Amino acid sequence: MTRRSIRTRPLHETHAGPVRVGLLLRMSTPHQADSLEKQLVNGTMVLPTMVAQLGTPRSHDVVATWEDVAVSGAESVRRPGFKAMMAAVERGEIDVVVTRDPERFGRDSERSTMAMLHLQQRGVLVYFFETRQFADLGTPTGKMFAGIQNLFAEFERGNGADRTHEALERKAR
C-alpha cells in the first residue's frame with residue numbers, strides 16, 4: 001500500500017470549480033483589535049501561493065470567514081467561529097481552511113489534532129499562512145509534526161495563563 005501525503009490530494013476529487021477557501025481567525029482578548037484585520041489581510045495575501053502549492057491551475061474563492069473573539073483557543077466547543085467552520089465542512093462547502101498558525105486553530109493538543117483529522121477525513125486541507133505550509137496528517141512524519149505543533153500551542157496557552165495569574169497576584173498586593 002502506498003501512502004500519499006494529504007498535500008498532494010487532487011482537489012478534482014471533490015469538485016471542478018475554484019478552490020473554496022475559508023479563513024479561520026481568532027484573537028484571545030478584545031484589546032487585540034487589529035489582530036483579526038491583520039490575520040484577514042495576511043491570510044488573503046498568501047492565497048495565490050497556497051493554490052500554487054496545491055499544484056492545480058485553479059483559482060480560489062474565499063467563501064467564508066469565521067471569527068472567534070475573546071474566546072480561548074482551547075475551548076473549541078465555545079468558539080462560534082470554529083463551530084461554524086466545522087458545520088461548513090460537514091456541508092461540503094470548503095476545500096481548504098486557512099489560519100495563521102496552529103495556535104489560531106486551537107490550543108488543546110488532543111482536540112486540535114482530532115479536528116484536523118476530521119477535516120482530513122472530509123477531504124478538507126488546513127493551511128497555516130504564517131509558515132506557508134499545509135497540516136500534513138497523511139503521513140506518520142506529518143502527524144508527528146502536527147502533534148508537536150499542537151502540543152506547543154497548548155504549552156503556550158499554559159504559559160499565558162501562568163503569566164496572567166502572576167500579574168493578577170502582583171496587582172492584588
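**Figure 1. Packing of helix 3 against helix 5 in the predicted model.** Helix 3 spans residues 80-90 and helix 5 spans residues 109-121. In this predicted model, the two helices pack at an angle of about 25°, and their axes lie 10 Å apart. Because angles under 35 degrees count as roughly parallel, helix 3 is described as roughly parallel to helix 5. The crossing of these two helices is left-handed.

**Figure 2. Residues that form the contact between helix 3 and helix 5.** Which residues of helix 3 and helix 5 make the contact? Helix 3 contributes Phe82, Met85, Met86, Val89 and Glu90. From helix 5 come Ala115, His118 and Leu119. Sorted by class, the contact of helix 3 with helix 5 comprises six nonpolar residues, one polar residue and one charged residue. The charged residue is Glu90 of helix 3, and the polar residue is His118 of helix 5.

**Figure 3. Surroundings of Arg91, in the loop after helix 3.** Arg91 belongs to the loop that links helix 3 to strand 3, whose residues are 96-99. Is Arg91 buried or exposed? The relative accessibility of Arg91 is 53%, and a residue over 50% is classed as exposed; Arg91 therefore counts as exposed. Arg91 and Arg122 are separated by 31 residues in sequence, while their C-alpha atoms are 9.9 Å apart in space.

**Figure 4. Arg132, a residue with a positive phi.** Arg132 is located in the loop between strand 4 (125-128) and strand 5 (133-134). Although Arg132 is not a glycine, its phi is positive, at about 55°. How accessible is Arg132, and what is its relative accessible area? The value is 40%, which lies between the limits of 20% for buried and 50% for exposed residues. Arg132 is therefore partly exposed.

**Figure 5. The whole chain, as context for the close-up views.** The chain contains six helices and five strands. Along the sequence, these elements follow the pattern β-α-α-β-α-β-α-α-β-β-α. Of the 173 residues in the chain, 45% are buried. Among contacts between residues at least 6 apart in sequence, 74% join residues at least 24 apart. The chain exposes about 9,400 Å², and carbon and sulfur atoms supply 55% of this area.

How values were computed: Residues numbered from 1 in each chain as written. Predicted model: local features only at pLDDT ≥ 70, side-chain atom pairs only at ≥ 80, totals over all residues. Heavy atoms only, no water. Helix = DSSP H or I, 4+ residues; strand = E, 2+ residues; numbered from the N terminus. Buried < 20%, exposed > 50% of the residue type's maximum accessible area, 1.4 Å probe, protein only. Contact = heavy atoms within 4.5 Å. Areas by Shrake-Rupley, 256 points an atom, 1.4 Å probe, with all protein chains shown as cover. Axes fitted to C-alpha atoms, helices over the stretch in contact; angles between N-to-C directions. Parallel < 35°, antiparallel > 145°, perpendicular 65-115°, else oblique. Left-handed = near helix turned anticlockwise from the far one by under 90°.
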